[in-house]
Amino acid sequence: MTRLGRLTAGVAAATVLCLTASSCVTVHGELEVLPGATESEAAQALKDFTDAYNAADKAYDPALDADRVTGSLGAINQAGLKARQTHSPDGNKTHKPLELTDATYIIPKKAGWPRWFLADTDSNRDEDDGKLDTRWLVVFVRSGPDALWKASYLGVVPASQVPEFTLDGDGLATPVEPQGGELIVQPADLSIAYTEYLQKGTPDVFAPGTATSQWRETRRTTRRAGFSYQYVDQPLGNGTFGPLGLRTEDGGALVFFSSKHFERQIAAKGLKPEVNADVKALMTGEVTNTLTKERISSQLVHVPARAESGDSGGRVRVLNRLPGLVAAKGE
């Protein structure tokens, strides 16, 4: 399992909401622009999420945190819990409670529902101080006045990569419009641009890195005698998987978005793809010579502002990519 997988194993479920920053749903005629949450509501949401996460991770029971997570984070970790429950029915014998402390809440103001906020926290899953010190950025959403707060995105980044957010006189943040033209890539177009880039190398709007140019090169150069590999990438930008972003002081924005990725491994006659315990637990069909893995991924990116001339003011930087296996198929 990858480090990112370990960081998030144990969180679950998805619901159908509209999470894009501008597609508000009016409930009870509510059109007034209001803070997404109060500080006390945000703190309680973080505590409820952490408690549910720990209960689910300790028992490997996805039902224990299914009502506290959603979106790509929920889908990834629901599948992870399901897989671990299958091959470890007695629970997680190495469970270490997650602690999220030193929280700062970045709360945007908006009209209608859903509402959301970002919790910038310190976890006990890293080393304090130095290059390995990270921050967990957790997005929480709420679909209506009687709904629970649910965690929908998680980004894990070095403390130095957490930007300064644009705040008003009341300390409230500014959400990014999904279709706004102020950025070099609109948030609503990020998933499409990213998956097309992975497939074709265009549009060339992403900065080089492990989740962009290096990943493309790894795919291109992957070789194993008797096996061939195929990759398909699909955008994922509606409902609970919609992008969410906040304006930053440099004129750009910090944006979370989701995508879906398939990896197919085909073996020559007499050979067979290897199937580990997690894959087997999520697999349908039987592997004879082909194994297809389906993953959902969330990305945390910094999107620069568009230059006044209309030219790009820079490239989109992927700060963190969080992938997780959600299904597999044998043929």
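Let's start in the middle of the sheet: strands β4 and β5 pair in the antiparallel sense over 7 bridges. Strands here are DSSP E runs of at least two residues, and helices are H or I runs of at least four, numbered from the N terminus. Two strands count as paired if DSSP finds at least two bridges between them.

Before I go on, a word on the model: it is predicted, local features need pLDDT of at least 70, side-chain atom pairs count only at pLDDT 80 or more, and totals for chains, interfaces and linings use all residues. Residues are numbered from 1 along each chain as its sequence is written, and side-chain values use heavy atoms, with hydrogens and water left out.

Back to the sheet. Phe117 stands opposite Phe140 in β5. Helix α2 packs on the sheet and touches β2, β4, β5 and β6, its direction making about 140° with that of β2. Touching, or contact, means heavy atoms within 4.5 Å. For the angle, axes are lines fitted to C-alpha atoms, for helices over the stretch in contact, and angles run from 0 to 180 degrees between N-to-C directions.

What is the strand order? The open sheet has 4 strands, ordered β2-β4-β5-β6, with antiparallel pairing. β2 and β6 stand at the edges with a single partner strand each, so one side of each has no neighbour in the sheet. From one strand to the next, the twist averages 25°.

Edge strand β2 also holds Asp102. Asp102 has a positive phi, near 50°, in a residue other than glycine, and at 53% relative accessibility it counts as exposed. The cut-offs are under 20% relative accessible area for buried, over 50% for exposed and partly exposed in between, with a 1.4 Å probe and protein chains only.

Now the interior. In the largest nonpolar core, with 23 residues, those touching the most other members are Phe49, Tyr105, Phe117, Phe140, Ala151 and Leu154. Such a core is a set of buried Ala, Val, Leu, Ile, Met, Phe, Trp, Tyr and Cys residues joined through side-chain atoms within 4.5 Å. α2 (39-59), β2 (100-106), β4 (115-123), β5 (134-142) and β6 (150-158) each supply at least two residues, and the largest share, 5 residues, comes from α2. There is also a second, separate core of 18 residues, including Ala193, Tyr197, Ala253 and Val255.

That brings us to a hairpin: β8 and β9 have 5 residues between them, and Gly251 in the turn has a positive phi of about 95°. The two strands pair in the antiparallel sense over 4 bridges, with Ala253 in β9 as the bridge partner of Arg247. In a regular strand, side chains alternate between the two faces of the sheet. Are the faces of β8 covered or open? Both are covered: Leu244 and Leu246 on one side, Gly245 and Arg247 on the other, are all buried.

Next, helix α4, where we find Ser191. Ser191 counts as buried at 5% relative accessibility, and its side chain reaches the backbone nitrogen of Leu236 at 2.8 Å. Glu196 lies in the helix α4 too (residues 190-200), but is partly exposed, at 34% relative accessible area. Leaving aside neighbours within four places in sequence, Glu196 contacts Gly201, Thr202 and Pro203.

Finally, where are the cis peptide bonds? One joins Thr202 and Pro203, with omega about 0°, and another runs from Trp113 to Pro114, with omega near 0°.

Note on methods: A polar contact is a pair of N or O atoms within 3.5 Å; within protein, one must be able to donate a hydrogen and the other to accept it, and residues adjacent in sequence count only if both atoms are side-chain atoms.
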